[in-house]
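Let's take a friendly walk through one helix and the charged side chains of this model. Have the sequence and the coordinates open as you read.

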Amino acid sequence: MYFAALLTLTEDGWVASDTELDDVETLADLIGLAREASPDDDPVLVFIEQEDAWFGIVRVEGEEDPRIFVSDGAAAARSSYGEILTKELLGADRDDEAADLDALDLDGTEDGEPADTEDETEEETEAVAGTVPPAAPVGDRLILDDLGLSEKELLALETDALSEITDALGASEVLETVR
């Protein structure tokens, strides 16, 4: 089960809203929700948590590129919403013909040429390894640093992370109204 919330930092403090993820299929959809919440380009944080298995934060400010943090890349990649975030973080969210051709693994054997019996080259191994999310935090570890939660504190979070994060940001009461 997922919990998602959207917090916007306005002149008057934090404003929260429940975030329905039913229509979210891509990172662009998620960023669109965040940008709709802040027509004045205020910082918006989207929190996604899957029953203490992992949590993710997407920070959107105006037209800047979003900043993303996921507490456990491997756990998140096994879920639909987490996969959206980890694909972006690992650069596997390419949507072009070259990526489609690369996925076919055309090695010449389809033309009757003999298969290469040598082990994968170092480059191929690195390319494959680069698409597997680690069972560790991935993304922008300084995502909340300027808002009151340091990298060290963020990496130390385990269970009930969203409550601890919103406590540090001074938004715990606002988050509780959404829960």
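## Ground rules

Contact here means heavy atoms within 4.5 Å. Helices (H or I, at least four residues) and strands (E, at least two) are DSSP runs, numbered from the N terminus. This is a predicted model, where local features need pLDDT of at least 70 and side-chain atom pairs count only at pLDDT 80 or more, while totals for chains, interfaces and linings use all residues. Residues are numbered from 1 along each chain as its sequence is written, and side-chain values use heavy atoms, with hydrogens and water left out.

## Helix α3 and its cover

Helix α3 spans residues 80-89, and its buried residues (under 20% relative accessible area, 1.4 Å probe, protein chains only) are Y81, G82, I84, L85 and T86. Their cover includes the strands β1 (2-10), β3 (44-50), β4 (54-60) and β5 (67-70), along with the helices α1 (27-37) and α2 (73-77).

Take T86, a residue of α3. T86 counts as buried because its relative accessibility is 2%. Setting aside neighbours within four places in sequence, T86 touches V70, G73, A76, A77 and P133. Just after α3, G91 adopts a positive phi of about 75°.

## Salt bridges

Side chains of opposite charge can pair when their charged atoms come close. With a salt bridge taken as a side-chain nitrogen of Lys or Arg within 4 Å of a carboxyl oxygen of Asp or Glu, the whole structure holds three.

R67 pairs with D140, their closest N and O atoms being 2.6 Å apart. R67 lies in strand β5 and D140 in the loop between β6 and α6, so this pair ties together parts 73 residues apart in sequence. At 26% relative accessible area, R67 is partly exposed (the class between buried and exposed, the latter being over 50%).

R59 bridges to E61, with the closest N and O atoms 2.7 Å apart. D146 also forms a salt bridge with R59, again with 2.7 Å between the closest N and O atoms. That second pair links distant parts of the chain, 87 residues apart: D146 is in the loop between β6 (138-139) and α6 (151-156), and R59 is in strand β4. R59 is buried at 2% relative accessibility, whereas D146 is exposed at 54%.

## A positive phi in a loop

Most residues other than glycine have a negative phi. D41, in the loop between α1 and β3, has a positive phi near 65°. D41 is partly exposed, at 48% relative accessibility.
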